[in-house]
Amino acid sequence: MSFIQIDKKAVTEQDAQDMLLQTYALADPLGTPTLFLNPDDFSNHGLQNMPKFVQSIFRSSPPYSGKIMAEVRDRIDDFIDGGAFEHLEGGQRKHVERLLKENAGDFEKIISEAKLNPHIPKMTTLIHFRDVFKAHYFPEEEYESPLRAVIVTPRKNLNAYDIRSYMTGLPVDDAPASLPGTNAQHQFNITWHEIGHGVGAAEPQTELIAASVTKKAFEDCSILSMNADARAVRAIFKHANERVDQTKSGGLIRERDKYGWPMVEANDYIVQVSQDAIDSLSEDNLVRMRFQKFDHLGQSVKSVSDALKWEDRKAFHSRDLQRLGSIAQAFSEKRSTPSDQAQIYDRFALACRRLSIGEDAYDNAGDHPSEQKRITFSPGFYVPD
């Protein structure tokens, strides 16, 4: 089975949990044989029994855990024995199975890191091909889909506050009293983002896929507007971060050119699309979103970030969203501001206000003019218009 059964929109936390469990039960979500590994399903890492100060020394690079490794290998064997690759020819099947077993150490390391960093949303998808083979680099008719995916899923206690903190760099204890979305709904959305990578989608493309599936499955999708806000704040604060990308010399790329502003607009756009259009999307429609192209506008994002930092360095470094939102709003209204930067300033200002206020600010999510403008892509072929 490659897609979940949606008989009615999920409303409650239990509904969301049912949707999440149904997702984890899929053998080949969107057509890619996929092994889901949830860190909570594995034994504790030995360091978890040590004092906190010892854990803090090693949590970014925990020592090898033979117990977790053995459990990972058992899960891989069960996955293979369950027939995940029976559709492949003999030589190819053996090749995929061998590489999967050889990668067991990578999965052990990711699970160990997740165990020792419980409030960091540590999710990863490892596919049979490298980043250089992301779908949007190819003509659709020439692209070869990944042969398998392994997804280390979000931990079961992950919530909106963890997402807000991870994306923005803001402390959890500085968050408003409530934020949109239940725990399971956030886990569902992030898991489908990872599933999108499993079919070869890059970052904004898989954000489109995840947002679309979330809107298909849930009655209230204000979570998507919160995601867009968090992505906007992250884009400004963390644009210079270096990420792995095999398509660039040296294997590194700035975050603004790999994630960046399209992550905001992917969520905003799906909020605007009619529910009927979303509900009519087939599995094939969702998979084909991997070919959508985006203009990351990395230089514009950098210019906006640099200007905000120059205007009030203290507010920028302390992540003072209220102060920075006011500055951004003023910059967006200056006649001398280039149009794409004005759009980024305006949308960033909205994100600052809503992430500071919390759930009450999302009652009219999608209605603000800055959410309805697009500067990084044009829908119509791979994305519903």
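This passage describes the sheet, selected residues and internal cavities of a predicted model.

The sheet of the predicted model is open and consists of 3 strands, arranged in the order β1-β3-β2 with mixed pairing. Because β1 (34–37) and β2 (124–127) each have a single partner strand, both stand at the edges, and one side of each is left without a neighbour in the sheet. Neighbouring strands are turned against each other by 15 degrees on average when direction is ignored. Strands of a sheet pair through backbone hydrogen bonds, and this pairing may be either parallel or antiparallel. Both arrangements occur here, as the mixed pairing implies: β1 and β3 run parallel and are joined by 4 bridges, whereas β2 and β3 (residues 149–152) run antiparallel and are likewise joined by 4 bridges.

Individual residue pairs can be assigned within these two pairings. On the parallel side, leucine 35 stands opposite valine 150 in β3. On the antiparallel side, threonine 125 has isoleucine 151 of β3 as its bridge partner, and isoleucine 127 is matched with alanine 149 of β3. Helix α7 (residues 183–198) packs on the sheet, where it touches β1, β2 and β3, and the direction of this helix makes about 15 degrees with that of β2. Within β3, the residues alternate in the way they point, with Ala149 and Ile151 directed one way and Val150 and Val152 the other way, and all of them are buried.

Two residues other than glycine were found to adopt a positive phi, and each is placed in a loop. Leucine 30, which is not a glycine, has a positive phi of about 55 degrees and belongs to the loop between α1 (13–24) and β1. With a relative accessible area of 5%, leucine 30 falls under the 20% limit and is therefore classed as buried. For leucine 297, phi is positive and near 50 degrees, again in a residue other than glycine, and the residue is placed in the loop between α12 (283–288) and α13. The relative accessible area of leucine 297 is 15%, which lies under the 20% limit, so leucine 297 also counts as buried.

Helix α13 (residues 298–311) includes serine 300. The relative accessible area of serine 300 is 9%, and because this value is under 20% the residue is assigned to the buried class. When residues up to four places away in sequence are not counted, serine 300 touches Asp340, Gln341 and Ile344.

Tyrosine 161, in contrast, belongs to helix α6 (residues 160–168) and has a relative accessibility of 23%; since this value lies between the limits of 20% and 50%, tyrosine 161 is described as partly exposed. Residues up to four places away in sequence being left aside, the contacts of tyrosine 161 are with Val172, Ala175, Pro176, Ala177, Ser178 and Leu179. The C-alpha atoms of tyrosine 161 and isoleucine 375, residues that are 214 places apart along the chain, are separated by 29 Å.

The search for enclosed space gave 2 cavities of 30 Å³ or more. The largest cavity has a volume of about 40 Å³ and is lined by Ala114, Pro118, His119, Ile120, Pro121, Lys122, Arg155, Leu158 and Asp162. By class, the lining of the largest cavity comprises 5 nonpolar, 1 polar and 3 charged residues.

The second largest cavity holds about 30 Å³ of space, and its lining is formed by Trp261, Glu265, Asp268, Tyr269, Gln343, Arg347, Ser370, Glu371, Lys373 and Arg374. The elements that give two or more residues to this lining are α10 (262–272) and α16 (339–357), with the largest share, 3 residues, coming from α10. The residues around the second largest cavity divide into 2 nonpolar, 2 polar and 6 charged.

Methods
Residues are numbered from 1 along each chain as its sequence is written. This is a predicted model: local features need pLDDT of at least 70, side-chain atom pairs count only at pLDDT 80 or more; totals for chains, interfaces and linings use all residues. Side-chain values use heavy atoms; hydrogens and water are left out. Buried means under 20% relative accessible area, exposed over 50%, partly exposed in between (1.4 Å probe, protein chains only). Contact means heavy atoms within 4.5 Å. Two strands pair if DSSP finds at least two bridges between them. Axes are lines fitted to C-alpha atoms, for helices over the stretch in contact, and angles run from 0 to 180 degrees between N-to-C directions. On a 1 Å grid over the protein atoms alone, a cavity is a set of points where a 1.4 Å probe fits but cannot get out, and a pocket is an open set with protein on both sides within 12 Å along at least five of seven lines; lining residues have an atom within 4 Å of a point. Grid points are joined across faces, edges and corners, and a volume is the space filled by probe spheres set on the points. Ala, Val, Leu, Ile, Met, Phe, Trp, Tyr, Cys and Pro count as nonpolar, Asp, Glu, Lys and Arg as charged, and the others, Gly among them, as polar.
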